[in-house]
Amino acid sequence: MSVESKKTRQACCSKLKLFLVSLAFVYFAKAFGGSYMKSSITQIERRFDIPSSLIGVIDGSFEMGNLLVIAFVSYFGAKLHRPRLIGIGCLVMAAGSFIVALPHFLQGPYKYETSMSHNTQVNSTENILPCLSNHSLSEKDEVPDVEAMKACEKAVGSSMWIYVFLGNVLRGIGETPIMPLGISYLDDFSKHENTPFYLACIHTTGILGPMFGFMLGSFLAKTYVDIGFVDLDSITINYKDSRWVGAWWLGFILTGVVILLSSIPFFFLPKSLPKQGEEEDGGNKSTELASGPEQESFLPDENEDGEDKEKAVTFKEMAKDFVPSLKRLFRNSIYSMMILTHLVAVNGFIGLITFKPKFMEQIYGQAASKAIFLIGIMNLPAVALGIITGGFVLKRFNLGVIGAARVSITASLGAFSLLTLQGFFHCDNAEVAGLTVAYQGYQQVSYNYSTLLSPCNMGCSCSMKHWDPVCAYNGMTYASPCLAGCQTATGTGKAMVFHNCTCVGDFMTPAANMSAVLGQCSRKSDCDYKFKIYMALTVAGAFISACGATPGYIVLLRSIQPDLKSLALGMQTLIVRTLGGIPPPIYFGALIDRTCLKWGTKQCGGRGACRLYDSNAFRMTFVGLVTGLYFLANVLWGILYVKIIKRQKKLALRNQAKDNALEGNTQNNGRANISISTNKEEENKESSI
């Protein structure tokens, strides 16, 4: 081998490594931005006072962007300059992130819902009469004037969530080329025995993105939305309050900058490379359609006339070949079954990850910032370790398609078992007078607004729409100081204390402490213990489930023809993103909305975001949906495994027949004379060679 040839190989290897590092970083960047969006769902919902079903539409808009261009990018992009297309996609993603943050600068300061005006210019002497100050608020319970409401909404910018929707669509469009073009480019030019390890490295690096995204989301969820623009001492709520909104906009600016930086290397990479570990044969032939020996033996035979011919093709010829390529792809039953299985599993996963912070907040009484932080610091490292473990197992034991399928289905069954156990560890409903429990000394009739009124607060003319919770000494939460029957208040800001609350005491203890403080009461002590068990189960389940990710991906890659690889990955992304990414946040959100006990009130009137859920109904709805979808995914995995076994046996028999035919031809060429008995009389005679 000449010195020039060695230098060429080293340069090509260094370019492949550069692409590997660049792709890993862009996976990190897109996951960083995507996970931050997931962590900000609750903040966006509160900031724009929208229900969970609408926030599901906003969350699904990312997949809508993918849907617009994925098929064309995957098919035509495979025949164009793949690294450059990935770089352009990153630029579009960055622009989308900046647009998402735009509403913060276009609308006024956030005004949270409150039942009374908290004066911060006074000292700690008694100065506010909660019960008497609400006489005028009863008017707000009436239906507001439509024209006045429209004028108010226009003034406060209540439709600004449309910018978040459009920016997220743009993020989805920009993310489109990364997976199908990046993975196919890497698989085309790397050794096939190295592909599982490379994929594991990329996905493991990518999982660091969600870790940082959720941790950033947790930090900014504790930072007030209008920080630097308002006096924080005048804010009467803290980050644990359901009306609190964090600095969600700042994270989108940061993630946009990171994605922008990740685009740079792709503009300096070539369109194609020689196959890793192979010498160039004097020409400049690309090995884009090279396939590994295992893949060749697993795939069914097809007529591939003309596939190896390197010739320039026009856009018209590529378009003409698009439909036949789709037909070839979906005639592959293993591929079609993999798509269906993955689709069902992704439905469960997207619904789970979208509303998991809200689930932890409502079921276990955790602050939104803490829930996001725990997901980022505990669940996601377990996922990263699981992905790298799955890739290591494949490489260490040199598992084929069947071995990879066994690892994947075992991991899926183990994760499903732990998911089922999680439903048994939960806390009771938060005790809120008139919503989840009766007022002391009075009988609860049903969960509706009429029960918020009681003889103890009937004379206060309280508004039943507002949510301004206070916690009394008895551990019970009241929807507002007025509904607690509080007569006076002292202190300012977060330190305000309400006194002589007639609904706090009961007939048996009239001399008890009848004061209350701002905010909801903490859950019972055993709730923390149950939450720790829940987190342990989720961490173990995340690790086991992730162990099957890389093996499952290898089954998919090895079940498709090499020339259809980019199209297959693109169609998988298209179908899964369309039916697995868009609907789950919407139908999960709509069903979760049905469990709401207390809706907030918008600044201009009308129903805002939900402030309190029936935790039992929430848990049964949420866990039931996720468990049902994962059960169906496991059933489909079983059917898929049987199909893989059958195909492998069929191909083994076909290969054995070919070997026998080849052996017979070899013997004939060696002038071996074999006489085979054809008559019954010669049946016992031996063949002579």
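In this predicted model, Glu361 and Arg46 are both buried, and the two residues form a salt bridge in which the closest N and O atoms are 2.6 Å apart. This pair links distant parts of the chain, since Glu361 belongs to helix α14 (residues 333-364) and Arg46 to helix α2 (residues 41-47), with their positions 315 residues apart in the numbering. Side chains of opposite charge can pair in this way when their charged atoms come close.

A search of the whole structure finds 8 salt bridges, and among them is the contact of Asp59 with Lys38, whose closest N and O atoms lie 2.5 Å apart. Here too distant parts of the chain are linked, with Asp59 in helix α3 (residues 52-77) and Lys38 in helix α1 (residues 3-39), 21 residues apart. Both Asp59 and Lys38 are buried. A further salt bridge is made by the side chains of Asp49 and Arg611, at 3.6 Å from N to O; the partners are 562 residues apart, Asp49 being in the loop between α2 and α3 and Arg611 in strand β7. Asp49 has a relative accessibility of 13% and therefore counts as buried, because the cut-off for a buried residue is under 20%. Arg611 is likewise buried, with a relative accessible area of 2%. In addition, Asp241, Arg243 and Asp468 are linked in a network of salt bridges.

The strand that carries Arg611, β7, spans residues 607-613, and 6 of its 7 residues are buried, so the strand is largely enclosed by the rest of the structure. Strand β6 (residues 596-601) is joined to β7 by 4 bridges, and the two strands run antiparallel. Within this pairing, Lys598 stands opposite Leu612 in β7. The two strands form a hairpin with 5 residues between them, and in the turn Gly605 has a positive phi of about 90°.

Elsewhere, 5 strands form an open sheet with antiparallel pairing, arranged in the order β2-β1-β5-β4-β3. The edge strands of this sheet are β2 (477-478) and β3 (488-490), each of which pairs on one side only. Strand β1 (residues 470-472) and strand β5 (residues 516-518) are joined by 3 bridges and run antiparallel, with Val470 standing opposite Leu518 in β5. Strands of a sheet pair through backbone hydrogen bonds, either parallel or antiparallel.

On the surface, a nonpolar patch of about 880 Å² is made by Phe25, Ile88, Leu91, Phe98, Val257, Leu260, Leu261, Ile264, Phe267 and Phe268. Two or more residues of this patch come from each of the elements α4 (82-101) and α10 (248-262). Val257, which is found in helix α10, has a relative accessibility of 38% and so counts as partly exposed, because that class lies between the limits of 20% and 50%.

A patch of positive charge is also present on the surface, where Lys222, Lys240, Lys370 and Lys532 gather. Of these residues, Lys370 is found in helix α15 (residues 368-396), and its relative accessible area of 42% means that Lys370 is partly exposed.

How values were computed. Residues numbered from 1 in each chain as written. Predicted model: local features only at pLDDT ≥ 70, side-chain atom pairs only at ≥ 80, totals over all residues. Heavy atoms only, no water. Patch = residues over 30% accessible without salt bridge, like charges linked within 9 Å, V, L, I, M, F, W, Y side chains within 5 Å. Areas by Shrake-Rupley, 256 points an atom, 1.4 Å probe, with all protein chains shown as cover. Salt bridge = Lys/Arg side-chain N within 4 Å of Asp/Glu carboxyl O. Lys, Arg positive; Asp, Glu negative; His and termini not counted. Charge placed at Lys NZ, Arg CZ, Asp CG, Glu CD. Buried < 20%, exposed > 50% of the residue type's maximum accessible area, 1.4 Å probe, protein only. Pairing = 2+ DSSP bridges.
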